[in-house]
Amino acid sequence: MKILVLADCESKSLYEYFTPEKIQGVDLILACGDLKWNYLDFFASMASVPVLFVLGNHDPAYDPSACGGCVCIEDDIYVYK
């Protein structure tokens, strides 16, 4: 299984200079906090794999359903395949 892990700062290589080949073969995307919602939304719309996330220590209080297409796994267990 190939997992793309994102955390703390947005990668220009993956975001601003995105090409589908950069995430080819990725089975799951895990965002580990302190990322902007539009960054997560981008991956949710561009990747055909689940985008899971947890909050970081600098993330504001929010409604977990606000990040469309992503799955909040905060205090939860997520089983994939």
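**Exercise 1. Work out whether Asp75 is buried or exposed, and look at its backbone.**

Start with accessibility: Asp75 has 78% relative accessibility, so it counts as exposed. The cut-offs here are under 20% relative accessible area for buried, over 50% for exposed and in between for partly exposed, with a 1.4 Å probe and protein chains only. Before going on, a word on the model: it is predicted, with local features needing pLDDT of at least 70 and side-chain atom pairs counting only at pLDDT 80 or more, while totals for chains, interfaces and linings use all residues. Residues are numbered from 1 along each chain as its sequence is written, and side-chain values use heavy atoms, leaving out hydrogens and water.

Next, place the residue: Asp75 sits in the segment after strand 4 (70-72). Strands (E, at least two residues) and helices (H or I, at least four) are DSSP runs, numbered from the N terminus. Last, the backbone: phi of Asp75 is near 55 degrees, a positive value in a residue other than glycine. As background, most residues other than glycine have a negative phi.

**Exercise 2. Describe the surroundings of Asp34, and find which side chain of opposite charge is nearest.**

Step one: Asp34 belongs to the loop between strand 2 and helix 1. Step two: its relative accessibility is 14%, so Asp34 is buried. Step three: Asp34 has no salt bridge, and the nearest side chain of opposite charge is Lys36, 12 Å away. A salt bridge would need a side-chain nitrogen of Lys or Arg within 4 Å of a carboxyl oxygen of Asp or Glu. For charge, Lys and Arg count as positive and Asp and Glu as negative, while His and the chain ends are not counted.

Step four: leaving aside neighbours within four places in sequence, Asp34 is in contact (heavy atoms within 4.5 Å) with Asp8, Gly56, Asn57, His58 and Asp59. Step five: phi of Asp34 is near 60 degrees, again positive in a residue other than glycine.

**Exercise 3. Find which elements supply the largest nonpolar core.**

A nonpolar core is a set of buried Ala, Val, Leu, Ile, Met, Phe, Trp, Tyr and Cys residues joined through side-chain atoms within 4.5 Å. The largest one has 18 residues, and Leu4, Leu6, Leu14, Ile23, Ile29 and Phe43 touch the most other members. Strand 1 (3-6), strand 2 (28-31), helix 1 (37-46) and strand 3 (51-53) each give it at least two residues. Helix 1 has the largest share, 4 residues. Now zoom in on Leu4: not counting residues up to four places away in sequence, Leu4 touches Leu14, Ile23, Val26, Leu28, Ile29, Leu30 and Phe43.

**Exercise 4. Explain what the pair of Tyr15 and Tyr39 ties together.**

Rings of Phe, Tyr and Trp (its six-membered ring) pair if their centres lie within 6.5 Å; planes under 30 degrees apart are stacked, over 60 edge-to-face and the rest tilted. The structure holds 6 aromatic pairs. Tyr15 and Tyr39 make an edge-to-face one, at 5.1 Å centre to centre and 70 degrees between the planes. Tyr15 lies in the loop between strand 1 and strand 2 and Tyr39 in helix 1, so the pair ties together parts 24 residues apart in sequence. Tyr15 is partly exposed at 27% relative accessibility, whereas Tyr39 is buried at 1%.

Phe42 and Phe43 also pair: their ring centres are 5.3 Å apart and their planes at 85 degrees, so this pair is edge-to-face. Both Phe42 and Phe43 are buried. To finish, Tyr15, Phe18, Tyr39, Phe42 and Phe43 form one aromatic cluster.
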